[in-house]
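Student: I have a structure in front of me and would like to learn how to read it. Could we go through it together?

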Amino acid sequence: MSQTFPLTGISSVAIHGADNHHAESSHVTPIYATSTFTFDTAEQGMERFASLDKEKIYSRWGNPTFKNAEETIAALEAFGLTDAAGQPLQLKALLHASGQAAMATLFLGNLQSGDSILSHFSLYGGTYELMHKVLAQSGINIIIADLRDLNIAVETIQNNPSIKLVHLETPANPTIQCVDIDAITKLAKAQNMLVSVDNTFATPYLQQPFKYGVDFVFHSTTKFLNGHGTAIGGVLIGKDIELMKTKMWKWHALLGGNGNPFDAYLLITGMKTLELRMERHCSNAMIVAKFLEQHPAVAQVNYNGLTSHPDYHLCQRQMTHPGALMSFELKGGLDAGKQFIDKLQMCVRAVSLGTVDTLLSHPASMTHFSVPREERLKFGITDGLIRLSVGIENVADILADFEQALAS
Ligand SMILES: *Cc1c(COP(=O)(O)O)cnc(C)c1O
């Protein structure tokens, strides 16, 4: 950032939060499609290797296009927050090839055999599998509890001193359950545990977990941050800058989780309109949720912006708006759900979320197919549940498409 005055709006940060002085006076961030970087002298090469930043050496280790995206995301998550000394909060982000790659760095960089990880039971399918397949095989113990119940959280955290990391996903896929970041972080910190938050559904526009003293924030940038469905990506952000530049960077580089400059460029372009898109995503979602709630064919709507959702009050406290994700069940169950999805004419049948277009999917047969049925039912993922990511189309057209698809 080169301004001497603080930026007061999140769009200004999304557009100007990174260092935007580029080679050849380029207006936008160039795509540095290069695997390696040249050294003028052996001495210069030595200096770059010796530096904590490891810049301009080799693109698995870092690249100027990645750096621009990383600085922007760090600035967004830190926007308006201060550290213990009252200074603007400093964060360090590491861009990865995918959310899963960033999650691997987070988990494998912080956990070792004999450690436990604690998480809530409603999780992204890939996170659940990474824990139960990869971490479990490495001798890491997985503890899953209903962390919305603070009595259970207290008991679990106090009775399991082997817990090293508490990983929260809020709001969570696909029932839009929320966990109390502030309360859980206080409990975890009293036992010297690390806390990470998957902030993919909320984005820093709706929720800033670092406000509550968490250690790490994670995003699948594939979703709202990119916003246009043009690239897979993930980011790990940390407040311990030295840890991020040493151990976390090392694990990232050794696991080979680097993205590519073109995808980083698409992400940078997408992030500039984050606030504009989120405003429309959010206002459309509220209208769609109310439409579904009153529709005679709909049995239940899970949207944390409706007073009927169990986490409505927590969401009001923790987020600036409930966001654009919801799920719902039709009275006709699985068959009616399939019929509805097949009849859609404008809205899109696809997994993923957070894109400009409205996307619908069926968790039981798609995103949560690999989660055993009994497990998935415990998470509230019933056979007929439909997951909906409300886009930024004109809302009347979303409603018209739903209306015709729900008509029998
Ligand atoms: C998509 C997603 C991930 C995984 O990210 P990828 O970019 O697909 O690897 C993790 N967490 C949540 C909440 C997600 O939506």
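**Reading strands, helices and buried residues**

Tutor: Gladly! Strands β5 and β6 run parallel to each other and are paired by three bridges. Keep in mind that this is a predicted model.

Student: Which residue of β6 does Val 197 stand opposite?

Tutor: Val 197 faces Val 217 of β6.

Student: And what happens on the other sides of these two strands?

Tutor: Let us take β5 and then β6. β5 is joined to β4 by five bridges, and the two run parallel; here His 167 is opposite Ser 196 of β5. β6 (residues 216-220) pairs with β7 (residues 234-238) over five bridges, this time in the antiparallel sense. In that pair, Phe 216 stands opposite Gly 238, and Ser 220 has Gly 234 as its bridge partner.

Student: In what order do the strands of this sheet lie?

Tutor: The order is β1-β7-β6-β5-β4-β2-β3, an open sheet of seven strands with mixed pairing. Its edge strands are β1 (92-96) and β3 (141-145), each of which pairs on one side only. From one strand to the next, the twist averages 20°.

Student: What packs on this sheet?

Tutor: Two helices to look for are these. Helix α4 (residues 99-110) touches β1, β2 (116-120), β4 (163-169), β5 (194-198), β6 and β7, and its direction makes about 155° with that of β6. Helix α6 (residues 150-159) also packs on the sheet, touching β2, β3 and β4, with its direction at about 160° to that of β3.

Student: How should I think about the two faces of a strand?

Tutor: Side chains in a regular strand alternate between the two faces of the sheet. Now try it on β5: Leu 194, Ser 196 and Asp 198 are on one side, Val 195 and Val 197 are on the other, and all are buried. In β6, Phe 216, Phe 218 and Ser 220 share one side while Val 217 and His 219 take the other, and again all are buried.

Student: How do I describe two helices that pack together?

Tutor: The description uses the angle between their axes and the distance between the axes. For helix α3 (residues 64-78) and helix α10 (residues 261-271), the axes come within 8 Å and cross at roughly 35°. The crossing of α3 past α10 is left-handed.

Student: Which residues of the two helices make the contact?

Tutor: From α3 they are Thr 65, Phe 66, Asn 68, Ala 69, Thr 72, Ile 73 and Leu 76, and from α10 they are Pro 261, Ala 264, Tyr 265, Leu 267, Ile 268 and Met 271. Sorted by class, the contact of α3 with α10 has ten nonpolar, three polar and no charged residues.

Student: Into which domains is the protein divided?

Tutor: The domain assignment gives domain 1 (10-271) and domain 2 (275-406). Taken over C-alpha atoms, their centres are 27 Å apart. Contacts link 37 residues of domain 1 with 40 residues of domain 2.

Student: Is there another sheet I can practise on?

Tutor: Yes, an open sheet of five strands in the order β8-β9-β12-β11-β10, with mixed pairing. Its edge strands, β8 and β10 (348-349), each pair on one side only. Strand β11 (residues 359-361) and strand β12 (residues 385-389) run antiparallel and are joined by three bridges, with Leu 359 partnered by Ser 389 in β12. Helix α11 (residues 274-294) lies across β8, β9 (325-330) and β12, at about 15° to β9. Helix α13 (residues 333-343) packs on the sheet too, touching β9, β10, β11 and β12, and its direction makes about 125° with that of β9.

Student: What about a single residue: is Tyr 303 buried or exposed?

Tutor: Tyr 303 counts as buried because its relative accessibility is 0%, and the cut-off for buried is under 20%. Tyr 303 is in the loop between β8 (298-302) and α12 (312-318). Leaving aside neighbours within four places in sequence, its contacts include Cys 282, Met 286, His 309 and His 321.

Student: And where does Arg 376 lie?

Tutor: Arg 376 is in helix α14 (residues 373-378). Arg 376 has 7% relative accessibility, so this residue counts as buried as well. Beyond its neighbours within four places in sequence, Arg 376 is in contact with Ala 364, His 368, Val 371, Ile 381, Thr 382 and Asp 383.

Note on methods: Residues numbered from 1 in each chain as written. Predicted model: local features only at pLDDT ≥ 70, side-chain atom pairs only at ≥ 80, totals over all residues. Heavy atoms only, no water. Pairing = 2+ DSSP bridges. Helix = DSSP H or I, 4+ residues; strand = E, 2+ residues; numbered from the N terminus. Axes fitted to C-alpha atoms, helices over the stretch in contact; angles between N-to-C directions. Contact = heavy atoms within 4.5 Å. Left-handed = near helix turned anticlockwise from the far one by under 90°. Nonpolar A, V, L, I, M, F, W, Y, C, P; charged D, E, K, R; others polar. Buried < 20%, exposed > 50% of the residue type's maximum accessible area, 1.4 Å probe, protein only. Domains from an automatic or database assignment.
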